Amino acid sequence: MPKLMLKFEAAFIREIKLDKPAFSMGRKPDNDIVLDNAAVSGHHCKMYESGGTWFVEDLNSTNGTFVNGKKTLKSGLKPGDIITLVKYSLVFTEDSAPAAAVKAEQTLPPQRGKPPQGALEVLENPADARKDFELTALSTYIGKSAQAAIPYKAGGLFGGGPELAVVITLRPEGYYLNPIKEGYSKYNGNALNEKVMLKDDDVIEVGATRFRFFIKK
């Protein structure tokens, strides 16, 4: 039976069996899965089964629904996919491999030999005292919320900016930079509106903070 492994930030909360054809998620108590956080919309998204495939569909939420770090309106799911709603993560899995799915966000995929180790160097305007960040997770968020592993300094007069700006995902072929707030960040000086594959010495700008991506030798 398909399941969801519900986590709040890094803390595992509970397992949810998908034992009926549709589920609603949101802040209001009439949802099947209630996520009690002010940033979650009252009726945020829904999940349903159709033709043997489970789908997640955003319900015009304020802060969006994300699958594997990419904002989506509707997406089919496969085991190991991670649905993110603000600070909540829901890992879609089957009975065959629940333990692996729960750890999917922090665990590197099995690879032959030593995988390349990516990292970010802060070039300008760090948000804290750290100057280097190793990219060891499958999904590494840059943002201002507690879910983000890498903070940035917001620019502008009032210091605004998205709670989660971009996510760097690790795949067998390399690292990808994915916009969460499209157009807010820059990649090599250009507005970031779609996923790009990162290369040595690429420059990422998030708010006022500039990073350099590199592969550790």
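This section describes the chain as a whole, its two open sheets, three buried residues and its largest pocket.

The structure is a predicted model. The chain contains one helix and 22 strands. Of its 217 residues, 45% count as buried. The accessible surface of the chain amounts to about 10900 Å², and carbon and sulfur atoms contribute 52% of that area. Among contacts with a separation of 6 or more, 41% are made by residues 24 or more positions apart.

An open sheet is built from six strands, in the order β13-β12-β22-β21-β18-β19. Pairing in this sheet is antiparallel. The edges are occupied by β13 and by β19, which spans residues 190-191. Each of these two strands has a single partner, so one side of each is left without a neighbour in the sheet.

At one edge, strand β13 covers residues 132-135. In a regular strand, side chains alternate between the two faces of the sheet. Strand β13 has a covered face, with Phe133 and Leu135, and an uncovered face, with Asp132 and Glu134. The partner of β13 is β12, made up of residues 117-124. These strands run antiparallel and are paired over four bridges. Within this part of the sheet, Glu121 stands opposite Asp132 of β13. Asp132 also belongs to the uncovered face of β13.

Further along the order of the sheet, β21 and β22 are joined by four bridges in the antiparallel sense. Strand β22 comprises residues 209-216, and Thr209 in this strand is the bridge partner of Val206. The hairpin formed by β21 and β22 has two residues between the strands. In this hairpin, Gly207 takes a positive phi near 60°.

Strand β21 is also joined to β18, by two bridges and again in the antiparallel sense. Strand β18 consists of residues 186-187 and pairs with the edge strand β19 over two bridges, also antiparallel. Lys186 takes part in both pairings: its bridge partner in β21 is Glu205, and its bridge partner in β19 is Ala191.

Another open sheet has five strands, ordered β15-β14-β16-β17-β20. Its pairing is mixed. Strands β15 (150-151) and β20 stand at the edges. Each has a single partner strand, so one side of each lacks a neighbour in the sheet. Strand β14, residues 139-143, pairs with β15 in the parallel sense over two bridges. In this pair, Ile142 stands opposite Ile150 of β15.

The edge strand β20 (196-197) is followed by a loop that leads to β21 (203-206), and Asp202 is found in this loop. Strand β20 belongs to the five-strand sheet, whereas β21 belongs to the six-strand sheet. Asp202 has a relative accessibility of 5% and therefore counts as buried, the cut-off being under 20%. Apart from neighbours within four places in sequence, the contacts of Asp202 are Tyr187, Asn188, Met197, Phe211, Arg212 and Phe213. Of these residues, Tyr187 lies in β18, while Phe211, Arg212 and Phe213 lie in β22.

Two further residues in strands are also buried. Lys3 is part of strand β1, residues 3-8. With a relative accessible area of 11%, Lys3 counts as buried. The C-alpha atoms of Lys3 and Thr93 are 5.4 Å apart in space, although 90 residues separate the two in sequence.

Thr72 is located in strand β8, which runs over residues 70-72. Its relative accessibility is 13%, so Thr72 is classed as buried. When residues up to four places away in sequence are not counted, Thr72 touches Asp58, Thr65 and Val67. Val56 is 16 residues from Thr72 along the chain, and the C-alpha atoms of the pair are separated by 8.7 Å.

The largest pocket has a volume of about 390 Å³. It is lined by 17 residues, of which Asn63, Phe66, Glu163, Leu164 and Ile180 are the closest to its centre. By class, the lining comprises six nonpolar, six polar and five charged residues.

Note on methods:
Residues are numbered from 1 along each chain as its sequence is written. This is a predicted model: local features need pLDDT of at least 70, side-chain atom pairs count only at pLDDT 80 or more; totals for chains, interfaces and linings use all residues. Side-chain values use heavy atoms; hydrogens and water are left out. On a 1 Å grid over the protein atoms alone, a cavity is a set of points where a 1.4 Å probe fits but cannot get out, and a pocket is an open set with protein on both sides within 12 Å along at least five of seven lines; lining residues have an atom within 4 Å of a point. Grid points are joined across faces, edges and corners, and a volume is the space filled by probe spheres set on the points. Ala, Val, Leu, Ile, Met, Phe, Trp, Tyr, Cys and Pro count as nonpolar, Asp, Glu, Lys and Arg as charged, and the others, Gly among them, as polar. Buried means under 20% relative accessible area, exposed over 50%, partly exposed in between (1.4 Å probe, protein chains only). Contact means heavy atoms within 4.5 Å. Accessible areas come from the Shrake-Rupley method with a 1.4 Å probe; for residues, only the protein chains shown count as cover. Two strands pair if DSSP finds at least two bridges between them.
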